[in-house]
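Let's take a walk through a protein together, one stop at a time. Keep the 3D view open and turn it as you read.

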Amino acid sequence: MYILQKSISYNAPLLSRSLHLLKDLAYVNGKWVGAIGKETFPIYNPADKCIINEVPDMDVKDTQLAIDAASNAFKTFSQTTAKERSDLLRNWYNLMVKHSEDLAQILTKENGKSIAESKGEIKYGNSFVEWFSEEARRINGEILQAPVSNRKLFLWKQPVGVAALITPWNFPHAMITRKAGAALAAGCTCVIKPSEDTPLTALALADLAEKAGFPHGTVNVITTSVKNSPSVGKELCENVKVRALSFTGSTAVGKILYRQCASNIKRISLELGGNAPFIVFDSANMDVAVSGAMASKFRNTGQTCVSANRFFVQAGKFDEFVQKFLSKMKCEIKMGDGSKAGVTHGPLIKESQLNMVHGLVTDAVQKGAKVHCGGTPLPELGPLFYAPTLITGVTQEMKIYSQEIFGPVAVIHKFTTEDEAIQKSNDTPVGLAGYFYSEDVSQIFRVAKKLEVGMIGVNEGLISTAEAAFGGVKESGIGREGSRHGVDDFLDIKYVCLGNLKL
């Protein structure tokens, strides 16, 4: 069943080609279904707050049905060969590539990022399914050296069971494919709960998974509103049929899910908030550093967990960096409706996000920080736009000093020594990503070793790729996604001792 709101004819040019992927039902056990309670909730375009579509508002009972479907499907899907799973993932990947333009259009409408950024996310997200279609055939066990001659020792790797995947709104395509690709490669079945802000991309992916030939119950997508999300998340954590949970989102919510999963000791993977330092040393190439800062800070209008959040620039290059960064911001950023040509950056996702970002900036200004550009909402563009902002003179008593901003606001600090930069960078309970710029090889190795983060970009502002292990340290999470390690959270290692052999 497909729907396009009659009251929003402005959507027609953008969604006309992708309409066949625009769904208003959830996907459970191979069927497109509504909520048992018949309730729905609207999905808004953040560029103008108009309704794109409505989807089912599912609750605990709906969630239990999806879990049961995945549990039943696991009995047979777990017995498929690696080659069969590889072929299914490759089919899914090929369909996503074929419909990349359609997926990007839907993503831009519900997330707000520019169409160019959406196309980039689709390509990036597709790469994980391609990667894990290949990794499926490399999930091998081990033959161990036995301590006695009449035994043979083996380690088998087996899928853990049903995997619950809870994904965020900022990368509604890539966060699903990065998790589901790994889970399906391992032989697990999935119950996917996308963000209440961006479920349409997830439903489009489910449509393509169905067309790719995944058995009924293998891939399930449930949609929930803000009202039902906490209870649905709790059910995914506490239901004994779910044996693994993977979540990307805030540290605060991650801690809640972690506690809830403890009730039945399920496998858990958490990719949580960051507060990424971006260090520019005197030895750095300034043009390279400024270009990296633009990419790292302003991708998705600053709404990424690996965005540069705290800039530390050494005293000798501070003024030059600020001036060049400011110039690039003014020249290269064009804000507006992401579906329109030439727009590079879209709105923030929702009003609470806008209020949070503006509140941090306002607090800093009231306490003496200097705003070089921006610092205000842009209501003339739409209700959720915020001006690209550069601030200096921030001190520790300002909220923005230590809080993850998640918006288009760059805070630049001055430092003197290498040790000072490292100390300030590590002075946070989280540690997801970090960046630094230096042409001094010895310094590169020293600083890379000392930064307390899970991922480091050295002279590079964009570091995410399917081949690399994505994840953090400290309160930024548990486990790794992508790379050959991405399947680990969906596998159990079973030790088999074959004894009393007559050799």
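The paragraphs below go from the empty spaces to a helix, and then to a few single residues.

Before we set off, please keep in mind that this is a predicted model. Our tour begins with empty space. Rolling a probe the size of a water molecule over the atoms shows where such space is left. What is the volume of the largest pocket? The value comes to about 950 Å³. Around this pocket stand 37 lining residues, and those nearest its centre are Trp-169, Phe-247, Gly-249, Ser-250 and Val-253. Try finding these five in the viewer and you will be looking at the middle of the pocket.

Which parts of the chain build that lining? At least two residues each come from helix α8 (229-238), strand β10 (242-248), helix α9 (251-261) and helix α12 (351-366). The largest share belongs to α9, which gives five residues. As for chemical character, the lining of the largest pocket holds 15 nonpolar and 15 polar residues, together with seven charged ones.

Next come the cavities, where the probe fits but cannot get out. The model has four cavities of 30 Å³ or more. The largest cavity has a volume of about 80 Å³. Its lining includes Tyr-124, Phe-171, Met-175, Arg-178 and Arg-299, and Phe-470 is also among the lining residues. Sorted by class, six residues of this lining are nonpolar, two are polar and two are charged.

Now let's turn to helix α7, residues 199-212. How far apart should its ends be? With 14 residues at 1.5 Å a residue, the helix should span 20 Å, and its end C-alpha atoms are indeed 20 Å apart, so the two values agree. Is α7 mostly covered or mostly open? It is mostly covered, with 12 of its 14 residues buried. Among the buried ones are Pro-199, Leu-200, Asp-207 and Ala-212. Just after the helix, Gly-213 takes a positive phi of about 105°.

Step back to the loop between β8 (189-193) and α7, where you will find Ser-195. Its relative accessible area is 6%, under the 20% cut-off, so Ser-195 counts as buried. A polar atom of the Ser-195 side chain lies 3.0 Å from the backbone nitrogen of Asp-197. Leaving aside residues up to four places away in sequence, Ser-195 touches Thr-167, Pro-168 and Trp-169. You have met Trp-169 already, as one of the residues nearest the centre of the largest pocket.

Another serine to visit is Ser-225, in the loop between β9 (219-221) and α8. Ser-225 is buried too, with a relative accessible area of 8%. Which side chain does the side chain of Ser-225 meet in a polar contact? The partner is the side chain of Asp-57, at 2.8 Å. Beyond residues up to four places away in sequence, Ser-225 touches Phe-41, Asp-57 and Glu-196.

Our last stop is a pair of backbone angles. Lys-49 has a positive phi of about 65° although it is not a glycine. This lysine sits in the loop between β3 (40-45) and β4 (50-56). Ser-483, also not a glycine, has a positive phi of about 60°, and its place is in the loop between β21 (477-478) and β22 (491-498). Are these two buried or partly exposed? Lys-49 is partly exposed at 36% relative accessibility, whereas Ser-483 is buried at 3%.

Conventions: Residues are numbered from 1 along each chain as its sequence is written. This is a predicted model: local features need pLDDT of at least 70, side-chain atom pairs count only at pLDDT 80 or more; totals for chains, interfaces and linings use all residues. Side-chain values use heavy atoms; hydrogens and water are left out. On a 1 Å grid over the protein atoms alone, a cavity is a set of points where a 1.4 Å probe fits but cannot get out, and a pocket is an open set with protein on both sides within 12 Å along at least five of seven lines; lining residues have an atom within 4 Å of a point. Grid points are joined across faces, edges and corners, and a volume is the space filled by probe spheres set on the points. Helices (H or I, at least four residues) and strands (E, at least two) are DSSP runs, numbered from the N terminus. Ala, Val, Leu, Ile, Met, Phe, Trp, Tyr, Cys and Pro count as nonpolar, Asp, Glu, Lys and Arg as charged, and the others, Gly among them, as polar. Buried means under 20% relative accessible area, exposed over 50%, partly exposed in between (1.4 Å probe, protein chains only). The expected span of a helix is 1.5 Å times one less than its number of residues. A polar contact is a pair of N or O atoms within 3.5 Å; within protein, one must be able to donate a hydrogen and the other to accept it, and residues adjacent in sequence count only if both atoms are side-chain atoms. Contact means heavy atoms within 4.5 Å.
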